[in-house]
Amino acid sequence: MANVTIKIPAKNTESVFKNMRGAHVALRVPDYEQTKNWYIEKLDFRLLHEWPFGDLQLAYLAPANDDNFWIELLAGGNPEPKANYADLNESLHPSGYHHICMDVKSVDETLAELSKRGVTILGEPFDLPVIGKRLGFFSDLWGNVIELAEIIPN
């Protein structure tokens with residue numbers, strides 16, 4: 001099967017929602033400092049801003065070299081625990097939020113570095129020619145799944 005380049009349709013500049021843009025994804029986590037430090041130490045994320053909200057502690061984090069995608073931490077209180085998967089296939093069974101995705105130059109090199117840093121890798125990376133990408137998955141310390149995507153050259 002040949003690698004596919006996804007053809008993105010023209011923007012809908014007439015939409016009443018034409019100003020809508022992606023901004024961040026929020027992760028509900030039980031421990032603020034532990035989570036903040038994990039993203040900073042394991043993924044080299046930058047701390048952009050932090051603030052309290054009621055009995056919660058919140059923060060915006062961003063990747064080392066990207067100002068357009070943020071993760072918001074919602075920490076504290078007593079959130080219900082979620083399953084922490086060691087296998088990607090197991091993680092595909094529950095409905096709802098599954099993962100966030102980060103584009104990288106090399107999935108294999110990124111996973112190798114994450115492994116050196118003690119990050120839980122979810123299976124082996126694989127090519128998915130139908131979308132023209134090589135993919136790899138890992139999880140944070142609370143089981144939130146993160147996908148890595150690399151464009152497969154044609």
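This report walks through the strands, aromatic pairs, pockets and one buried acid of a predicted model.

## Strand pairing

Let's start with β4, residues 70-75, which has partners of both senses. With strand β1 (residues 24-29) it pairs in the parallel sense, over 6 bridges. With strand β3 (residues 56-62) it runs antiparallel, and 5 bridges join the two. Ala75 is a handy residue to click on in β4: Val29 stands opposite Ala75, and Ala75 is also the bridge partner of Gln57.

Gln57 leads on to the next strand over. In β3, Gln57 is the bridge partner of Pro52. Strand β2 (residues 46-53) and β3 run antiparallel, joined by 7 bridges. The hairpin they make has 2 residues between the strands, and Gly54 there takes a positive phi near 60 degrees. As for β3 itself, 5 of its 7 residues are buried, so the strand is mostly covered, given that buried means under 20% relative accessible area.

## Aromatic pairs

There are 5 aromatic pairs in the structure. A pair of rings is described by the distance of the centres and the angle of the planes. Trp51 and Tyr60 have ring centres 4.9 Å apart with planes at 55 degrees, so that pair counts as tilted. Tyr60 also pairs with Trp70: the centres are 4.9 Å apart and the planes sit at 50 degrees, so this pair is tilted too. Tyr60 belongs to strand β3 and Trp70 to strand β4, so their pair ties together parts that are 10 residues apart in sequence. How exposed is Trp70? Its relative accessibility is 29%, so Trp70 counts as partly exposed.

Elsewhere, one aromatic cluster is formed by Trp38, Tyr39 and Phe45. Keep Phe45 and Tyr39 in mind, as each turns up again below.

## The largest pocket

The largest pocket holds about 460 Å³ of space. It is lined by 18 residues, and the closest to its centre are Leu43, Phe45, Pro63, Val104 and Thr110. Phe45 is thus a lining residue here as well as a member of the aromatic cluster.

Which elements give two or more residues to the lining? They are α1 (32-43), β5 (99-103), α3 (107-116) and β9 (145-151). The largest share, 3 residues, comes from α3. If you're thinking about chemistry, the lining splits by class into 10 nonpolar, 2 polar and 6 charged residues.

## The second largest pocket

The second largest pocket has a volume of about 250 Å³. Part of its lining is the run Ala26, Leu27, Arg28, Val29 and Pro30. Another part is Pro79, Glu80, Pro81 and Lys82, with Tyr97, Trp142 and Asn144 also in the lining. By class, the residues divide into 8 nonpolar, 1 polar and 3 charged. Val29 links this pocket to the strands: Val29 lines it and stands opposite Ala75 in β4.

## A buried acid in a loop

Asp140 sits in the loop between β8 (133-139) and β9. Is Asp140 buried or exposed? At 3% relative accessibility, Asp140 counts as buried.

What does the side chain of Asp140 contact? One polar contact goes to the side chain of Tyr39, at 2.7 Å. A polar atom of the Asp140 side chain also lies 2.9 Å from the backbone nitrogen of Asn144. Both partners have come up before: Tyr39 is part of the aromatic cluster, while Asn144 lines the second largest pocket.

Terms used
Residues are numbered from 1 along each chain as its sequence is written. This is a predicted model: local features need pLDDT of at least 70, side-chain atom pairs count only at pLDDT 80 or more; totals for chains, interfaces and linings use all residues. Side-chain values use heavy atoms; hydrogens and water are left out. Two strands pair if DSSP finds at least two bridges between them. Helices (H or I, at least four residues) and strands (E, at least two) are DSSP runs, numbered from the N terminus. Rings of Phe, Tyr and Trp (its six-membered ring) pair if their centres lie within 6.5 Å; planes under 30 degrees apart count as stacked, over 60 as edge-to-face and the rest as tilted. Buried means under 20% relative accessible area, exposed over 50%, partly exposed in between (1.4 Å probe, protein chains only). On a 1 Å grid over the protein atoms alone, a cavity is a set of points where a 1.4 Å probe fits but cannot get out, and a pocket is an open set with protein on both sides within 12 Å along at least five of seven lines; lining residues have an atom within 4 Å of a point. Grid points are joined across faces, edges and corners, and a volume is the space filled by probe spheres set on the points. Ala, Val, Leu, Ile, Met, Phe, Trp, Tyr, Cys and Pro count as nonpolar, Asp, Glu, Lys and Arg as charged, and the others, Gly among them, as polar. A polar contact is a pair of N or O atoms within 3.5 Å; within protein, one must be able to donate a hydrogen and the other to accept it, and residues adjacent in sequence count only if both atoms are side-chain atoms.
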